[in-house]
Every structure is written in structure tokens, then in C-alpha cells.
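Here is a walk through one protein model, taken piece by piece. Have the structure open and turn it as you read.

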Amino acid sequence: VIDISDKHCAKPRTASTSPTAAAAPLPSAPGAPALHKPKPPKPQKDKPKPKPKEEEFHSVSEVASSVPPQQRVPELISHIEAMPTGLGCVDLLWAMPNCRASPVEAYFITIRPMGRVERVALADLEDVEGLHQYTVKKLQPGRPVSFSIQAINTFGAAPASTPTADLIPKGPPGPVPA
């Protein structure tokens, strides 16, 4: 295509300046090198998918596989305070242990010498200044008892804490001296 709008100057049009041939490439003269030959599309290779962003939380099984078995259960509870509170009742206070690979789900409280074991759910505990508190009931007044506690998570129970010192639950008031 020749632009003859200016009679003094002849200039070939390109595809980008021709309003009628905007989408089609210009044909080349026979024997002349092609001005523009479109490249065939490259076959797309299977691109590796981008890795998903690492999440902040992992499932218990993922954590478990990376933690040695002895480190999956909670740590030992190191200190327990026991105080007689009412008739046949004792309040126990302790700090929550390091739960390691899985959160603490409950506690076993062993009462000696009776051999009674109570499974205590977290919902049954009170929070007192950052400590867990639980009231053990139905103890025999006047008989010494001690307590040990084990934290429980998905992987099992922690070792039992060192038992508290013997303690005597309160009994009913005795006769008033005359």
C-alpha cells in the first residue's frame, strides 16, 4: 500500500499506521525477505506449582511426626499447693505445665492412700491468678491424704508429680468445751 496523500513524497504504510490493515501483517514481495513472521507459540511445559504459603498452625499429626515420643506428652507438674477448705474438701492449686506437641485436655488427680483417681476436665477447673484450682471432695475427715497430678494430652499422660505432703481434711466441728 502506498500513501499518496502527499504527492511529493511516497512512503509505504505499515500495519500500525494503516486504518484498514491494522490487524493483518503486510505481505512481502515475492523473493523479498519477510518483514515480520509470527513465531509459532512455544509449547507450555508443566510449570511447577507454587508451594502454598506455610501456615502458622500445623495439625497434631504433623507436629507429632517431628517430635520424639518422649516429648509429646506434657511436662511434669512441678509444684502443687494443697489447702483444706471445708468438710472433707481440699483445694489444689498448680501451674499449667508445658503442653509440648498437643494442648492439655484434662488432668488425673491421684489421692493417696485411698488410691482414688479423678479425671478432671479443663472445664471443671477454676483459674486463680494464672493457676489452675480444683476442689477435691468426699475425703474422709481426720485421715491424712496426699495428692499427685498428671497432665493429659492427645499423646498420653505426663509423669505423675511428686505427691504433696500429707494433709488432714477438716471434719465436722467437735463438741464445744464447757
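Two residues are in contact when they have heavy atoms within 4.5 Å of each other. With that in hand, start at alanine 158. Leaving aside neighbours within four places in sequence, alanine 158 is in contact with Val73, Pro74, Glu75, Gln150 and Ala151. This alanine sits in the segment after β10. Is alanine 158 buried or exposed? Its relative accessibility is 1%, so alanine 158 counts as buried. There is also a link to a distant part of the chain: cysteine 99 is 59 residues away along the sequence, and its C-alpha atom is separated from that of alanine 158 by 9.3 Å.

**How far to trust it**

Keep in mind that this is a predicted model. Mean pLDDT for the protein is 74, with 57% of the residues reaching 70 or more. Which elements mark the two ends of the scale, lowest and highest? Strand β2 (residues 11-12) has the lowest mean pLDDT of the elements, 41, while β4 has the highest, 95. Over residues 1-29 the pLDDT stays under 50, and the model has 19 contacts beyond four places in sequence for that stretch.

**The sheet**

Now for the strands. Four of them make an open sheet in the order β6-β5-β9-β10, and the pairing is antiparallel. The edges belong to β6 (116-121) and β10 (156-157), each of which pairs on one side only.

How many bridges join β5 to β9? There are seven, and these two strands run antiparallel. One pair to look for is tyrosine 107 with alanine 151, its bridge partner in β9. On the other side, β9 (residues 146-153) is joined to β10 by two bridges, again antiparallel. Asparagine 153 stands opposite glycine 156 of β10, and a hairpin through two residues takes the chain from β9 to β10. As for cover, seven of the eight residues in β9 are buried, which leaves the strand mostly covered.

Threonine 110 gives a good view from within β5, which spans residues 106-112. This threonine counts as buried because its relative accessibility is 15%, and the cut-off for buried is under 20%. Not counting residues up to four places away in sequence, threonine 110 touches Arg116, Val117, Ser146, Phe147 and Ser148.

**The core**

The largest nonpolar core has 19 residues. Which of them touch the most other members? They are Leu92, Trp94, Tyr107, Ile109, Val136, Phe147 and Ile149. The elements giving two or more residues to this core are β4 (89-94), β5, β8 (131-136) and β9. Two of these names have come up already: Tyr107 is the residue bridged to alanine 151, and Phe147 is among the contacts of threonine 110.

**Backbone oddities**

Most residues other than glycine have a negative phi, and most peptide bonds are trans. Here are three places in the loops that go the other way.

| Site | Backbone feature | Value |
|---|---|---|
| Arginine 112 and proline 113 | cis peptide bond | omega about 5° |
| Glutamate 129 | positive phi | about 50° |
| Lysine 138 | positive phi | about 60° |

Proline 113 has its place in the loop between β5 and β6. Glutamate 129 is found in the loop between β7 (126-128) and β8, and its relative accessibility of 81% makes it count as exposed. Lysine 138 belongs to the loop between β8 and β9. With a relative accessible area of 75%, lysine 138 is exposed.

**A small piece of empty space**

Rolling a probe the size of a water molecule over the atoms shows where empty space is left. How many cavities of 30 Å³ or more does a search of the whole structure find? The search finds one. About 40 Å³ of space lies in the largest cavity. Its lining is made up of Pro113, Met114, Gln140, Arg143, Pro144 and Val145. Proline 113 therefore turns up twice, once in the cis bond with arginine 112 and once in this lining.

Conventions:
Residues numbered from 1 in each chain as written. Predicted model: local features only at pLDDT ≥ 70, side-chain atom pairs only at ≥ 80, totals over all residues. Heavy atoms only, no water. Helix = DSSP H or I, 4+ residues; strand = E, 2+ residues; numbered from the N terminus. Buried < 20%, exposed > 50% of the residue type's maximum accessible area, 1.4 Å probe, protein only. Pairing = 2+ DSSP bridges. Core = buried A, V, L, I, M, F, W, Y, C linked by side-chain atoms within 4.5 Å. pLDDT = per-residue confidence, 0-100. 1 Å grid on protein atoms, 1.4 Å probe; cavity = no way out; pocket = protein on both sides within 12 Å on 5 of 7 lines; lining within 4 Å. Points joined across faces, edges and corners; volume = space filled by probe spheres on them.
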